[in-house]
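Here is a friendly walk through one protein model, written to be read with the structure open beside you. Shall we take a look?

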Amino acid sequence: MKIRPLHDRVVVRRKEEEATTASGIVLPGSAAEKPNQGEVLAVGTGRLTSTGEIQALDVKVGDTVLFGQYAGSNTVKVDGEELLIMNESDIYGVLES
């Protein structure tokens, strides 16, 4: 199944949670902090401006993005995988290597 977000929304797969700390302590799933990075899986067509034009999004499929801890509070399950749906404005930036 595929998901196609509308307008300025972006579908993001959150990066895997770290299971151990830097010192080697294993954290249970409930104690581990959710990562604030993820991979963009799908993007909408763009934001509708007040003049009726569509402004294209700055992110694209495959980008690794950085977002806030509470961004993308809209989660959905697609084919058993939990995905985040957020507005492009919830994304702080694109990580480049």
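Which side chain meets Lys-60 in a salt bridge? The partner is Asp-63, with nitrogen and oxygen 3.2 Å apart. A salt bridge here is a side-chain nitrogen of Lys or Arg within 4 Å of a carboxyl oxygen of Asp or Glu.

Before going further, a word on the ground rules. This is a predicted model, in which local features need pLDDT of at least 70 and side-chain atom pairs count only at pLDDT 80 or more, while totals for chains, interfaces and linings use all residues. Residues are numbered from 1 along each chain as its sequence is written, and side-chain values use heavy atoms, with hydrogens and water left out.

## Salt bridges

By the rule above, the count comes to three salt bridges. Side chains of opposite charge can pair when their charged atoms come close. The table sets them out, together with the relative accessible area of each partner; buried means under 20%, exposed over 50% and partly exposed in between, using a 1.4 Å probe and protein chains only.

| Pair | N to O | Accessibility of the basic partner | Accessibility of the acidic partner |
|---|---|---|---|
| Arg-13 and Glu-39 | 3.3 Å | Arg-13, 30% | Glu-39, 33% |
| Arg-13 and Glu-81 | 2.4 Å | Arg-13, 30% | Glu-81, 29% |
| Lys-60 and Asp-63 | 3.2 Å | Lys-60, 53% | Asp-63, 11% |

In the Lys-60 pair, Lys-60 is exposed, whereas Asp-63 is buried. Arg-13 is partly exposed, and Glu-39 and Glu-81 are partly exposed too. Through shared partners, Arg-13, Glu-39 and Glu-81 join into one network.

Where do the members of this network sit? Arg-13 lies in strand S1 and Glu-39 in strand S2 (residues 37–43), so their pair ties together parts that are 26 residues apart in sequence. Glu-81 belongs to strand S7, so its pairing with Arg-13 links parts that are 68 residues apart in sequence. Strands, for this purpose, are DSSP runs of E with at least two residues, numbered from the N terminus.

## The sheet around them

Those strands are part of an open sheet of six, in the order S6-S7-S1-S2-S5-S8, with antiparallel pairing. Two strands count as paired if DSSP finds at least two bridges between them. At the edges are S6 (74–78) and S8 (91–95), each of which pairs on one side only. On average, neighbouring strands are turned by 45 degrees against each other, direction ignored; the axes behind this angle are lines fitted to C-alpha atoms.

S1 is a good place to start reading the sheet. S1 pairs antiparallel with S7 over four bridges, and within that pairing Val-12 stands opposite Leu-84. With S2, the antiparallel pairing of S1 runs over five bridges, and Val-10 has Val-43 as its bridge partner. Further across, four bridges join S5 (residues 64–67) to S8, again antiparallel, with Thr-64 opposite Leu-95.

## Nonpolar cores

Several of these residues turn up again in the interior. The largest nonpolar core has eleven residues, among them Val-10, Val-12, Leu-57, Val-65, Phe-67, Leu-84 and Met-86. A core is a set of buried Ala, Val, Leu, Ile, Met, Phe, Trp, Tyr and Cys residues joined through side-chain atoms within 4.5 Å. S1, S5 and S7 each supply at least two residues of this core. A second, separate core of five residues includes Ala-42, Val-78, Leu-83 and Ile-85.

## Residues to look at twice

Asp-8 sits in the segment before S1 (9–14). Asp-8 is buried yet has no salt bridge, and the nearest side chain of opposite charge, Arg-9, is 4.8 Å away; Lys and Arg count as positive and Asp and Glu as negative, with His and the chain ends not counted. Beyond neighbours within four places in sequence, Asp-8 is in contact (heavy atoms within 4.5 Å) with Gly-46, Arg-47, Leu-57, Met-86, Asn-87 and Glu-88.

Which backbone angles deserve a glance? His-7 has a positive phi of about 50 degrees although it is not a glycine. His-7 is also in the segment before S1, and is partly exposed at 42%. Asp-79 has a positive phi near 50 degrees as well; Asp-79 is in the loop between S6 and S7 (81–87) and is exposed, at 61%. Most residues other than glycine have a negative phi.

Terms used:
Axes are lines fitted to C-alpha atoms, for helices over the stretch in contact, and angles run from 0 to 180 degrees between N-to-C directions.
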